[in-house]
Amino acid sequence: MTEGVITAAEPVTMVAALNAALGTALEDDPRVLVFGEDVGTLGGVFRVTDGLAARFGEERVFDTPLAEAGIIGTAIGMAMNGLVPVVEMQFDAFAYPAFEQITSHLAKLRNRTRGRVSLPIVVRIPYGGAIGGVEHHSDSSEAYYTHTPGLRVITPATPADAYHLLLQSIACPDPVIFLEPKRRYWSREAIPADPGPGIDRAVIRRPGRDVTLISYGGTVGTAMEAAAAATEEGWDIEVVDLRSLSPFDDATVSASVRRTGRAVIVHEASGFGGYGAEVAARLTEQCFHYLLAPILRVTGFDIPYPPPKLEQHHLPGVDRILDAVARLQWDDDHA
Amino acid sequence: MKTSSLTEDRAAAALPPSGTPLCLIDPAGHPAGTGSLLDLPPADVLRELHRQMVIGRRLDAQATALTRQGFLAVYPSSRGQEACQVGSVLALREQDWLFPTYRDTVAIFTRSIPPAEAMSLLRGEWHCGYDPYEHKVAPQCTPLATSTLHAVGLARAAQLRHTDQVALAMLGDGASSEGDTHEALNFAAVWNAPVVFLVQNNGYAISVPLAKQTAAPALAYKGVGYGMRSLLIDGNDAAAVYAAVRTAIANAAKGAGPTLIEAVTYRVEAHTNADDAARYRENAEVEAWLARDPVRRLETYLRDQGMLADGDLARIEAEAEVRATALREALSGEVKTDPADLFDHVYAEPTRALAAQREFLLAEIDQAQA
């Protein structure tokens, strides 16, 4: 599939960028379908599919019954029969009824059939908190998916990446869990024509010499703010945006940490058994002799996601990141 | 596209099933004469149903024997369910898809999948040994019920792409309790999808009897709530199974939507070779069902009608013996596996990490063999 004309020299929101990517995919490939709960007439609860049903008709963009296993399970059958479904789970925690279909079938069917059945399905999931959502609307569920071989797990942090990574995910022959950070939905950015380094690569958002902050999705912006604030303390911080959580771009991340000698991993999901643990373990295995300090994690607490009036205590913010940076066994000239 | 509202076709068709299982040939092998709902298949079809059931039963017995000899990891027998296994598959057209469960090995034999490929899962070689596209047979489903949704999706794609294909989803009484079955029936009805659900109600989900599975008067009634045409049939009557599935496929293919068929049958053997059925059921119950044997029923009918002579039967049994020998030879040989397979199909292209793990394992194996 070729990528369509880039829509925006003017800044657009991540929601608009995702909408443009879906429109491009539907336009370019007649096999592409978009379906889920409220994605048709309403245009999705976050309006990511706004106008697509009217533009492409209800055979291409349609509402389903309210049943997430049904959405994923039928998408699998459609993909077996030549279509390319792009489906929406309305919220992170509402995707759990589909867990068996995702882990036992979507992830495994290629392997079960020794490559004969390919499932080029994209599962879009708005995820994460910081938008004042009531319970079950703010989970960071990435580790459930990254622990499942056979899935790709992608999460954009910017509107430009949202556009290009979604198109690349739709073109990918593997099933992709596409995690959209809700708190970045309304961030704005122009969409460049350059599609970036590819679906499975991390990018360096901000170069720096002293510390590597490793993040993804909703907390990349927080890491960037922390890096900007750190200049006042004399720290030159590099920020890596992982983009692809699975597979993991060892080369880019390890090269950064070898350069800086220090690493802090930032995510809003709970720390215990979380994605950051895998990153820390890999970096320890690959960069031990380059490290000047233990790798630290700044994550959400090991608690169920808090109610809106308390979520600010849970989410890693700039201060918590800078506190971690300060604990990285600096020489006196930095202390 | 047709919407979910009742079309004239569907309004005209009776949604509720009959109160008692429909049959065309009764347990004694006599014509049952149930009226016009189902038509008795023609003589050549009845003879083919019988032939395939005799072969299917022989292959099933051979697979059980091979399990005892250690050549299969496990085998869930479908002995006693041959009418469902064979009747439904012979009703499929070439372009239609079959979604079998682990107990439907005789069904996939009937769909002409070679023994070694068909038994790969149960032999422990690979999860699915055949090419689903070559035979239009999905991998055998072991979680149960999950594949009903895949069948609905495949049927929905056929509907959207205007390809003349129907999906046949097989499930059992146990799977009818799973949430995915509910979602599959609902999606199928809302989309008016060309799919047929065949519930082989064989009385037990491993050890749990039907009475602990549902309070519904019959599983077929569940279809009515979804707005779906439903049939309750005698699952030991191959003629009825064939006619019901054939009719349901014809309806689906002409845009008249899905059908739920409950076929009442019985699992004569234990759940698998690893199960002990004496812990949960009386032998008298099994004996009663043996008297309703589907193969003998059709054989009696065919003989009475002058459609089957002693010579015919001898030829069929000889053919079954040849097929059983082929199955034994295919499965008693050395198991050939390739450890590289573990890594090669997880993704379309192995990731760097998987390529490294593949190299590690192959080197480890080399070293062990050195």
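**Domains, helix packing and chain contact in a predicted two-chain model**

The centres of domain 1 of chain A and domain 2 of chain A, taken over C-alpha atoms, are separated by 26 Å. The structure described here is a predicted model. In the domain assignment of chain A, domain 1 covers residues 12-189 and domain 2 covers residues 203-326. Contact between the two involves 26 residues of domain 1 of chain A and 21 residues of domain 2 of chain A. On the side of domain 1 of chain A that touches domain 2 of chain A, at least two residues each are supplied by helix 6 (142-146), strand 6 (152-154), helix 7 (159-171) and strand 7 (176-181) of chain A. By residue class, this side of domain 1 of chain A is made up of 11 nonpolar, 8 polar and 7 charged residues.

Chain A as a whole contains 12 helices and 14 strands. Its radius of gyration is 20 Å, close to the 20 Å given by the globule rule for 335 residues, so chain A is as compact as a globular protein of that length. The C-alpha trace of chain A extends over about 65 × 45 × 40 Å along its principal axes.

Two local backbone features were found in loops of chain A. The peptide bond joining A:Ser246 and A:Pro247 is cis, with omega about -5°. A:Pro247 lies in the loop between strand 12 (244-246) and helix 9 of chain A. The other feature concerns A:Ala130, which is not a glycine but has a positive phi of about 75°. A:Ala130 belongs to the loop between strand 5 (122-127) and helix 6 of chain A; helix 6 of chain A is also among the elements on the side of domain 1 of chain A that touches domain 2 of chain A.

Helix 9 of chain A, which follows the loop holding A:Pro247, packs against helix 10 of chain A. Helix 9 spans residues 250-260 and helix 10 residues 275-287, and their axes lie 10 Å apart at an angle of about 65°. Helix 9 of chain A is therefore roughly perpendicular to helix 10 of chain A. The crossing of these two helices is right-handed. Helix 9 of chain A contributes A:Asp250, A:Val253, A:Ser254, A:Val257 and A:Arg258 to the contact, and helix 10 of chain A contributes A:Arg282, A:Leu283, A:Gln286 and A:Cys287. The residues of this contact comprise 4 nonpolar, 2 polar and 3 charged.

For chain B, the domain assignment gives domain 1 as residues 8-337 and domain 2 as residues 338-370. The centres of these two domains of chain B, taken over C-alpha atoms, are 39 Å apart. Chain B has 16 helices and 7 strands. A compact globule of 370 residues would have a radius of gyration near 21 Å, and the value of 21 Å for chain B agrees with this. Along its principal axes, the C-alpha trace of chain B measures about 75 × 55 × 40 Å.

In chain B, helix 8 (residues 146-161) packs against helix 9 (residues 179-191), with an angle of about 15° and a distance of 7 Å between the axes. At this angle, which is under 35 degrees, helix 8 of chain B is roughly parallel to helix 9 of chain B. The two helices of chain B cross in a left-handed sense. From helix 8 of chain B, the contact includes B:Thr146, B:Thr148, B:Leu149, B:Val152 and B:Arg156. From helix 9 of chain B, it includes B:Asp180, B:Thr181, B:Glu183, B:Ala184, B:Phe187, B:Ala188 and B:Trp191. The contact residues of the pair divide into 6 nonpolar, 3 polar and 3 charged.

Both helices of this pair also take part in the contact between the chains. There, 34 residues of chain B are in contact with 33 residues of chain A. Helix 7 (132-135), helix 8 and helix 9 of chain B each provide at least two residues of the side of chain B that touches chain A. Helix 8 of chain B accounts for the largest share of that side, with 12 residues. The side of chain B that touches chain A consists of 20 nonpolar, 8 polar and 6 charged residues.

Note on methods. Residues are numbered from 1 along each chain as its sequence is written. Chains are lettered from A and ligands numbered from 1 in the order in which they are written. This is a predicted model: local features need pLDDT of at least 70, side-chain atom pairs count only at pLDDT 80 or more; totals for chains, interfaces and linings use all residues. Domain bounds come from an automatic or database domain assignment. Two residues are in contact if their C-beta atoms, placed from the backbone, lie within 7 Å. Helices (H or I, at least four residues) and strands (E, at least two) are DSSP runs, numbered from the N terminus. Ala, Val, Leu, Ile, Met, Phe, Trp, Tyr, Cys and Pro count as nonpolar, Asp, Glu, Lys and Arg as charged, and the others, Gly among them, as polar. Axes are lines fitted to C-alpha atoms, for helices over the stretch in contact, and angles run from 0 to 180 degrees between N-to-C directions. Angles under 35 degrees count as roughly parallel, over 145 as roughly antiparallel, 65 to 115 as roughly perpendicular and the rest as oblique. A crossing is left-handed if the near helix is turned anticlockwise from the far one by less than a right angle, and right-handed if clockwise. The radius of gyration is taken over C-alpha atoms; the globule rule is 2.2 Å times the number of residues to the power 0.38.
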